[in-house]
Each structure stands twice: as structure tokens, then as C-alpha cells.
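Keep your viewer open and a selection box ready. We will go from stop to stop, and each one says what to pick next and what you will find there.

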Amino acid sequence: MINEHERKTVGGEARKKAALDLASRGFFVLPVDDRKVPYGHLTPSGFKTSTRDPAVIKDWWDAEPLANVAIACGDDYALFVIDVDVKNGATGKESLRKLWTSPRSVTLVAKTPSGGLHVYFKHPQVPLRAMHPDFPGIDFKGAKGGGYVLAPPSELPNGAYAWANDATP
């Protein structure tokens, strides 16, 4: 049986390592709680406080060892993510097939705890809409000023995020 100290030490080190790895790959990261809310005492400006600075990341995860890892999206971060939702009957995967009609390029994909996907792309540096009525079940994270998505090995009460591949957006 793992005690609380061991859980924080083991889980926290894995999340800190993941955040540092993502930052070394060029992603801007920030710590969030299990409600997907940034820790205000660490990131007073929310996702706009995200960073790639290893020293800051280490300090954040030392302060909140079980913080989930979030990745900032938007033109300032050169990233947008298609958030494909399937919970509660959402038709995100059908919308993704409709949206992505060209030959599929290889890009980074994460599986969400609800069975959905996060599909990562370089931000095109043109205005994007957060949602589109022709594509129900899909949100465009990084539109209209930005946002963020959770990344593996983040864990919510209903499960964990996992990488589906190891490509680069």
C-alpha cells in the first residue's frame, strides 16, 4: 500500500519530468488542479503565465507535486489543438473525420480520459474560431486569444491522459 508521501513523491516526480520534457520540446506548460484550473498562487495570470523555463517548472512542481500538466495554446505559443469530445454522446470523432479530409499528416495526438482526443498542430497565425456549428463535438483550443489543454500523465477522477503517439505538431 502506497502512503500519501510516496504517492506525492512518485506521482509528482513523473509529472514534473513530463512538464520539463514538454518544455524542452518547445511547449509552454503550467500546473493545474484536478478540476483543470491553474494554481492561482503559482500562475496568477492563468495560462498566460505558462513557461518553458526549467527552473520555474521545477519550482511549480516542488510546490504542488500532484499538479496536472497543462500546455498553453494560441498564436503566442505557436500551437492549436483540436479537442475532440465524445462524452455524453458528443460526435467529435465524426466531426474530425469530416474536418480532416486531406491526407492525414502525422501529428502529436493524446487520448483523453473520456475517450476523446487532443490533436496538436502548429498555429497557422490566422484567426481561428473556438467552435464551428458544422463540427459538433470539436473545440479549437488556441483560438480567440488562447487557452490550454491537459497533457499526459495528467490524471482526473475519471482517468488519465495518455499519448497515442510521439509525433511532433
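Which residue does the side chain of histidine 41 join through a polar contact of 3.1 Å? Select histidine 41 together with glutamate 64: the side chains of these two form that contact. Bear in mind along the way that this is a predicted model.

**Around histidine 41**

Stay with histidine 41 for a moment. It sits in the loop between S1 and H2. With a relative accessibility of 55%, histidine 41 counts as exposed, since the cut-off for that class is over 50%. Now add alanine 63 and draw a distance between the two C-alpha atoms: they are separated by 10.0 Å, while histidine 41 and alanine 63 are 22 residues apart along the chain.

**The whole chain**

Zoom out and switch to a cartoon. You should be able to trace three helices and ten strands. Starting at the N terminus, the order of the elements is α-β-α-β-β-α-β-β-β-β-β-β-β. Of the 169 residues, 43% are buried. If you turn on a surface, its accessible area comes to about 9,100 Å², and carbon and sulfur atoms hold 54% of that. Among contacts with a separation of 6 or more, 71% are between residues 24 or more positions apart.

**A strand pair**

Select S2 (68–73) and S7 (147–151). The two strands pair in the antiparallel sense, over five bridges. To see one facing pair, pick valine 69 and look across to alanine 151 in S7. Is S7 enclosed by the rest of the structure or open? S7 is largely enclosed, because four of its five residues are buried.

**The end of S7**

Follow the chain on from S7 to proline 152 and proline 153. The peptide bond from proline 152 to proline 153 is cis, with omega near 5°. Proline 153 belongs to the loop that runs between S7 and strand S8 (155–156). The bond is worth a look, because most peptide bonds are trans.

**Two residues with positive phi**

Next, select lysine 36 and alanine 78. Most residues other than glycine have a negative phi. Lysine 36, however, has a positive phi of about 70°, and alanine 78 has a phi near 55°. Where are they? Lysine 36 is in the loop between strand S1 (29–32) and helix H2 (54–63), whereas alanine 78 is in the loop between S2 and strand S3 (79–84). Lysine 36 is partly exposed, at a relative accessible area of 36%. Alanine 78 is partly exposed too, with a value of 45%.

**Aromatic pairs**

Show the aromatic side chains as sticks. The whole structure holds seven aromatic pairs. Begin with phenylalanine 28 and tyrosine 77, whose ring centres are 5.2 Å apart; their planes meet at 65°, so this pair is edge-to-face. Phenylalanine 28 lies in the loop between helix H1 (4–24) and S1, and tyrosine 77 in the loop between S2 and S3, so the pair ties together parts that are 49 residues apart in sequence. Both phenylalanine 28 and tyrosine 77 are buried.

Move on to tyrosine 120 and tryptophan 163. Here the ring centres are 5.8 Å apart and the planes are at 55°, so the pair counts as tilted. Tyrosine 120 is in strand S5 (residues 117–122) and tryptophan 163 in strand S10 (residues 162–163), so this pair ties together parts 43 residues apart in sequence. Color the two by accessibility: tyrosine 120 is buried, at 0%, while tryptophan 163 is partly exposed, at 30%.

Before leaving the rings, add Phe47 and Tyr148 to Phe28 and Tyr77. Ring pairs link these residues into a cluster.

**The nonpolar cores**

For the last stop, select Leu22, Phe27, Val29, Trp61, Ile71, Leu79 and Tyr120. These are the residues with the most contacts inside the largest nonpolar core, which has 31 residues. Which elements give two or more residues to this core? They are H1, S1, H2, S2, S3 and S7. The largest share, five residues, comes from S2. Apart from this core lies another, of 13 residues; to find it, select Val84, Leu96, Ile138 and Ala143, which are among its members.

Terms used: Residues numbered from 1 in each chain as written. Predicted model: local features only at pLDDT ≥ 70, side-chain atom pairs only at ≥ 80, totals over all residues. Heavy atoms only, no water. Buried < 20%, exposed > 50% of the residue type's maximum accessible area, 1.4 Å probe, protein only. Contact = heavy atoms within 4.5 Å. Areas by Shrake-Rupley, 256 points an atom, 1.4 Å probe, with all protein chains shown as cover. Polar contact = N/O pair within 3.5 Å; in protein donor to acceptor, adjacent residues only side chain to side chain. Pairing = 2+ DSSP bridges. Phe/Tyr/Trp six-rings, centres within 6.5 Å; stacked < 30°, edge-to-face > 60°. Core = buried A, V, L, I, M, F, W, Y, C linked by side-chain atoms within 4.5 Å.
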